[in-house]
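I am opening a fresh page in my notebook for this structure. I will write down what I looked up, entry by entry.

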Amino acid sequence: MQVLIFFLCVISAAWGAETDPFVDVKPKETPETKPTGFFSDNFGFRKELMSEFGATDSGWLSSRQSAGFEVLKKFSTETKTFLGIDFQGRLVWREGFTDSPNDHEGKSRQGVVFEYHNAYADLYSLFGGVGRFNLRLGHFYVPFGLNLQTDTHGTILQLSNERNFGFERDWYTGFWGILTEDLRYDVYYLLGSGYGINFNGQSGLGAARVGLANKYLSNYGLEAGASFMGGQRLSPNIINTLRGGLDARYRRAIPSGLLTLTSEVSAGQDALDAVVAQLYQLDYLHSSRRFGVASQLRWFWQQHLPSSTDSSILAEATWYINNDVSNSNLQWLKLNCEVQFAKQTGDRHVIWTLQYYWYW
Amino acid sequence: MSFGRFSIIGIGRAAFFAIGCTLSNPAEDLKYLFPDMTSYKEDLKEFPKLADGKAQFQALRERLGSDLDPIYETYETPYTIYYVFKNSKKIGLVHGVNVPGKGGVIQVFLSVDPASAQVKKFFFQRLESSAADQLRSKEFRNQFDGVSLADFYKHDYYVAAKSKTSVDKIAKITPPKIDPSGRQDYDATIRGIRKNLLLLDFFVYDRKFEPFFERAKQKAKQ
């Protein structure tokens with residue numbers, strides 16, 4: 001009887017058995033790889049071309065043509081990436097000025113000018129555990145509002161900082177990193193001179209921002225933070241500056257694409273004047289990533305000026321030739337129109353800007 | 001550890017040099033995946049920098065089994081691989097890719113075992129989908145634990161052979177309960193996992209699983 005059961009088991013096993021066609025296939029051995037050199041190991045280089053034309057309802061015309069590049073190099077030991085360096089440079093040729101939303105500095109930079117934008121170094125995880133204290137030193141976006149995490153290098157639409165402080169980038173140093181499981185922080189000392197390194201008696205600015213950790217963006221499409229800035233800046237004279245602000249950006253998928261709602265609100269003082277700034281923006285990007293539209297409302301108010309308010313609404317349409325998700329390969333044609341409702345100084349205008357941009 | 005809460009920031013609007021699927025604060029997210037890690041190291045990879053980059057890119061397309069999207073999956077797209085260490089020991093490898101979904105971007109990240117190249121955790125960084133909640137469910141994502149690129153190649157073989165077998169790990173994956181409109185994003189997710197493992201095989205493992213691809217290819221030709 002036992003012999004019969006044994007044979008039945010063997011037969012049933014043989015019928016049910018599956019032959020593995022990969023039984024003789026083995027993965028290849030992976031050879032040891034070593035870093036190969038400065039320019040091939042964690043070295044990124046991108047080129048940039050921009051051609052922009054502006055026109056106003058009063059007949060002013062402008063041209064801004066530029067060629068630029070960006071370099072990022074990261075340095076590592078066998079087990080740790082400890083330093084990152086980023087530099088953006090642009091050779092710009094300007095003729096005329098129409099005060100396009102992304103070229104307020106064009107008024108003082110006519111002709112051919114070399115400009116730097118990002119020029120900074122990050123030292124990672126200096127002490128206190130992984131990601132807790134990272135040191136930044138150099139010229140980068142002012143750490144107030146959403147600009148630290150928003151690339152406006154090539155776009156026409158900008159955020160609030162340039163209008164709010166007179167510059168969107170400044171020279172600074174300080175720390176950024178993990179505050180808690182839910183929050184991240186930025187704390188810096190800024191020179192308060194904007195584009196150039198200038199000392200003219202100003203004490204500089206202290207700035208801090210506490211924002212939601214990455215998981216809120218990933219899980220809910222939400223970025224939000226609270227910022228503070230205080231001290232003295234140059235614009236062009238020394239201005240005692242105090243600001244507190246809230247910011248948020250919410251991204252939501254809809255059946256045909258992606259909607260993004262952005263807002264920055266701040267209030268404080270410039271010298272003896274109270275100031276309030278508000279910015280609201282709505283973006284739509286089609287799921288093909290081939291075209292998008294956006295609209296932005298800007299409102300800046302300052303006490304004690306004869307005309308206290310700057311306000312405008314902007315509308316923009318973009319056709320993307322390349323629109324890599326990572327922003328590493330971009331090519332677009334943008335048409336932007338700004339309608340100014342109120343101006344603190346000068347006349348109100350309607351400003352048209354046509355831009356071709358290629359970053360690769 | 002709840003991976004439903006895990007996140008890695010989207011790179012779409014990072015305010016610095018644009019690198020594909022880069023973590024804006026890698027420490028924050030890697031620490032969540034590997035609580036006992038002591039450091040991490042980044043490795044930037046780009047097809048144009050490879051000696052035979054064009055051929056490799058073509059090989060990627062062949063092994064993926066579908067065309068590469070001209071907007072989402074370009075030849076120039078850079079990739080960042082994160083090596084995670086506990087003191088001097090390599091304990092993990094993390095890599096993310098973008099794939100086009102029905103509503104937009106789907107960013108698929110994998111944490112793999114450095115030695116075996118098998119998936120330890122699969123998670124989404126960005127998921128612009130009406131089926132996001134179902135695709136993010138732990139029950140669905142956990143099915144990929146232990147899967148390797150070899151399993152995808154084996155699946156190709158079994159599909160070509162028209163044979164159903166219990167050793168086909170990919171065929172055993174159960175989709176989450178989603179309405180038909182979300183099916184495209186499910187398919188894109190599977191494709192993203194395969195693409196992620198393929199890129200790791202190209203960039204890190206020197207095509208460790210190529211013998212499995214060759215066997216599946218032979219079957220498909222028969």
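How many residue pairs are in polar contact across the interface of chain A and chain B? I looked this up in what is a predicted model, and the rule finds 22 such pairs, with both residues at pLDDT 80 or more. I then asked which part of chain A gives the most to the side that touches chain B, and I found helix 3 (residues 214-220), with five residues. I sorted the residues of that side of chain A by type, and they divide into 25 nonpolar, 26 polar and 22 charged.

**Entry on the interface**

I noted that the contact takes 73 residues from chain A and 73 residues from chain B. I also looked up the area buried between chain A and chain B, which is about 5900 Å², with carbon and sulfur atoms giving 52% of that area. When I checked which residues supply it on the side of chain A, I found that A:Phe22, A:Val130 and A:Val325 account for 12% of the area that chain A buries against chain B, more than any other three residues. I counted three salt bridges between chain A and chain B. I looked up the pair A:Lys74 and B:Glu42, which form a salt bridge with the closest N and O atoms 2.9 Å apart.

**Entry on salt bridges over all chains**

I searched the whole structure next, and the search finds 36 salt bridges over all chains. I wrote down the pair A:Glu52 and A:Arg64, whose closest N and O atoms are 3.8 Å apart. A:Glu52 lies in strand 1 (residues 43-56) of chain A and A:Arg64 in strand 2 (residues 61-76) of chain A, so this pair ties together parts that are twelve residues apart in sequence. Are these two buried or exposed? A:Glu52 has a relative accessible area of 4% and is buried, and A:Arg64, at 4% relative accessibility, counts as buried too.

I looked up A:Arg233 and A:Asp270 as well, whose side chains meet in a salt bridge at 2.9 Å, N to O. Because A:Arg233 lies in strand 9 of chain A and A:Asp270 in strand 11 (residues 257-270) of chain A, the pair ties together parts that are 37 residues apart in sequence. I noted that both A:Arg233 and A:Asp270 are buried.

In chain B, I found a salt bridge between B:Glu128 and B:Arg126, with the closest N and O atoms 2.7 Å apart. B:Glu128 is buried at a relative accessible area of 5%, and B:Arg126 is buried at 6%. Back in chain A, I traced salt bridges that share partners, and they join A:Glu52, A:Arg64, A:Arg94, A:Asp103, A:Glu105, A:Arg109 and A:Glu115 into one network.

**Entry on the backbone**

I found a cis peptide bond between A:Ser235 and A:Pro236, with omega about -15°, and I placed A:Pro236 in the loop between strand 9 (222-234) and strand 10 (238-254) of chain A. I also noted B:Asn87, which has a positive phi of about 55° although it is not a glycine. B:Asn87 sits in the loop between strand 2 (79-86) and strand 3 (89-100) of chain B, and it is exposed, with a relative accessible area of 55%.

**Entry on confidence**

I checked the scores last, and the model has ipTM 0.83 and pTM 0.87. Chain B averages a pLDDT of 86, and 89% of its residues score at least 70, but over residues 1-20 of chain B pLDDT stays under 50.

Notes:
Residues numbered from 1 in each chain as written. Chains lettered and ligands numbered in written order. Heavy atoms only, no water. Contact = heavy atoms within 4.5 Å. Buried area = accessible area lost by both parts, 1.4 Å probe. Salt bridge = Lys/Arg side-chain N within 4 Å of Asp/Glu carboxyl O. Polar contact = N/O pair within 3.5 Å; in protein donor to acceptor, adjacent residues only side chain to side chain. Helix = DSSP H or I, 4+ residues; strand = E, 2+ residues; numbered from the N terminus. Nonpolar A, V, L, I, M, F, W, Y, C, P; charged D, E, K, R; others polar. Buried < 20%, exposed > 50% of the residue type's maximum accessible area, 1.4 Å probe, protein only. pLDDT = per-residue confidence, 0-100.
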